[in-house]
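Me: I'd like to go through the labels people put on a model like this one and ask what stands behind each of them. Could you take them one at a time with me?

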Amino acid sequence: MAVLAESGSNPDVDLLYDINGLAKDAPHWFDRVMEYVGEYGILLGMVLLILWCWWAGRRRGGEDAASSVAALVWAPLAAALAVLVNVPIRGFVERPRPFRTHEGLEVLVSGKTDYSFVSDHATITMAMAVGLFVANRKSGLVGIALALLEGFCRVYMGVHYPTDVIGGFALGTAVTLLLSPLAMALLTPLLKAVEGSSKGAWLIRARGAERGASVLPGARQDAAASERDLAA
């Protein structure tokens with residue numbers, strides 16, 4: 001298939017050189033930090049953020065504990081599904097990595113031989129961030145900030161064009177939001193059944209957690225619950 005524009009006269013390539021050029025001027029140790037953060041660190045940070053939200057939510061309990069945990073479970077599942085959707089997209093576009101067609105780039109990670117569009121790392125982090133935002137707005141905003149940092153790192157490292165990252169953000173967001181109603185319809189009853197079991201209840205709520213408590217710090221409350229609070 002036709003490859004996306006590769007000419008150095010377009011804004012995509014110009015921005016690639018501008019961002020990647022920062023790596024040439026940075027100290028060696030800083031490049032190594034960016035390499036680790038962009039390749040592994042932010043992905044690990046997203047997983048830890050989701051686990052923290054789960055741990056905090058199960059300790060607080062709440063009537064909607066099962067649905068809140070379902071939303072958290074959907075975040076990594078959406079990321080995995082988005083990566084699968086990206087497989088045919090990469091094969092259709094067949095865009096080479098930027099360092100294969102442009103000279104003078106500072107490439108911080110070697111061994112990247114697959115196609116460039118769209119970025120798996122950007123897709124995964126944004127899918128998890130949007131999924132987390134559905135469950136918890138405050139933590140979701142932190143996740144979105146991490147996803148944006150991930151996109152910057154991928155261009156800084158010289159392994160993706162900016163449009164690869166933007167495409168990954170769009171793909172991760174679309175898969176998470178479009179399939180969220182179906183995912184919640186399937187996951188919520190399943191996790192309610194787990195909540196009612198003797199062996200799996202601890203996954204949804206900790207012992208002694210109140211059913212009327214807030215499920216997650218910063219989680220959204222429905223209008224009826226807000227009205228009851230005001231009436232009280």
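Me: Which residues do ring pairs link into a cluster?

Reply: Happy to start there. This is a predicted model, and in it ring pairs join W29, F30, F152 and Y156 into a cluster. The structure holds five aromatic pairs.

Me: Why is the pair of W29 and F30 called edge-to-face?

Reply: Two values settle that. The ring centres of W29 and F30 lie 5.8 Å apart, and a pair needs centres within 6.5 Å. Their planes stand at 85°, and planes over 60 degrees apart count as edge-to-face, so the W29 and F30 pair earns that name.

Me: What makes W29 exposed or buried? And what about F30?

Reply: The cut-offs are under 20% for buried and over 50% for exposed, with partly exposed in between. W29 has a relative accessibility of 58%, so W29 counts as exposed. F30 comes to 31%, so F30 is partly exposed.

Me: Y156 belongs to that cluster too. What is the separation of its C-alpha atom from that of D18?

Reply: D18 and Y156 are 138 residues apart along the chain, and their C-alpha atoms are separated by 8.9 Å. D18 is part of helix α1, residues 11–25. At 53% relative accessibility, over the 50% cut-off, D18 counts as exposed.

Me: Now the overall fold. How many helices and strands does the protein chain have?

Reply: Eight helices and zero strands. Read from the N terminus, the elements run α-α-α-α-α-α-α-α. Of the chain's 232 residues, 45% count as buried.

Me: Let's turn to packing. Why is α2 called roughly antiparallel to α6?

Reply: Helix α2 spans residues 28–60, and helix α6 spans residues 137–156. Their axes come within 10 Å and cross at roughly 160°. Angles over 145 degrees count as roughly antiparallel, so α2 is roughly antiparallel to α6. The crossing is left-handed, and the residues of the contact divide into 15 nonpolar, four polar and four charged.

Me: What makes α3 oblique to α7?

Reply: Helix α3 (residues 65–93) and helix α7 (residues 162–196) pack at an angle of about 140°, with their axes 7 Å apart. An angle of about 140° is neither over 145 degrees nor from 65 to 115 nor under 35, and the rest count as oblique. Therefore α3 is oblique to α7. The residues of this contact divide into 20 nonpolar, six polar and two charged, and the crossing is right-handed.

Me: And what is the label for α3 with α5?

Reply: Helix α5 covers residues 120–135, and its axis comes within 8 Å of that of α3, crossing at roughly 155°. With the cut-off at over 145 degrees, α3 is therefore roughly antiparallel to α5. The crossing of α3 and α5 is right-handed.

Me: How far apart in space are V47 and M128?

Reply: They are 8.4 Å apart, C-alpha to C-alpha, and 81 residues apart in sequence. V47 lies in helix α2. V47 is at 38% relative accessibility, between 20% and 50%, so V47 counts as partly exposed.

Me: On to cysteines. What makes C53 and C153 buried?

Reply: Both have a relative accessibility of 0%. Buried means under 20%, so C53 is buried and C153 is buried. As for disulfides, the structure holds zero; a pair of cysteine sulfur atoms would have to lie within 2.5 Å to count.

Me: Let's finish with the backbone. Why point out a positive phi or a cis peptide bond?

Reply: Because most residues other than glycine have a negative phi, and most peptide bonds are trans. In this model, E94 has a phi near 55°, a positive value in a residue other than glycine. E94 lies in the loop between α3 and α4, and with a relative accessible area of 29% E94 counts as partly exposed.

Me: Where is the cis bond?

Reply: The cis peptide bond joins F117 and V118, with omega about 0°. V118 lies in the loop between α4 (98–101) and α5.

Terms used: Residues numbered from 1 in each chain as written. Predicted model: local features only at pLDDT ≥ 70, side-chain atom pairs only at ≥ 80, totals over all residues. Heavy atoms only, no water. Axes fitted to C-alpha atoms, helices over the stretch in contact; angles between N-to-C directions. Helix = DSSP H or I, 4+ residues; strand = E, 2+ residues; numbered from the N terminus. Left-handed = near helix turned anticlockwise from the far one by under 90°. Nonpolar A, V, L, I, M, F, W, Y, C, P; charged D, E, K, R; others polar. Buried < 20%, exposed > 50% of the residue type's maximum accessible area, 1.4 Å probe, protein only. Phe/Tyr/Trp six-rings, centres within 6.5 Å; stacked < 30°, edge-to-face > 60°.
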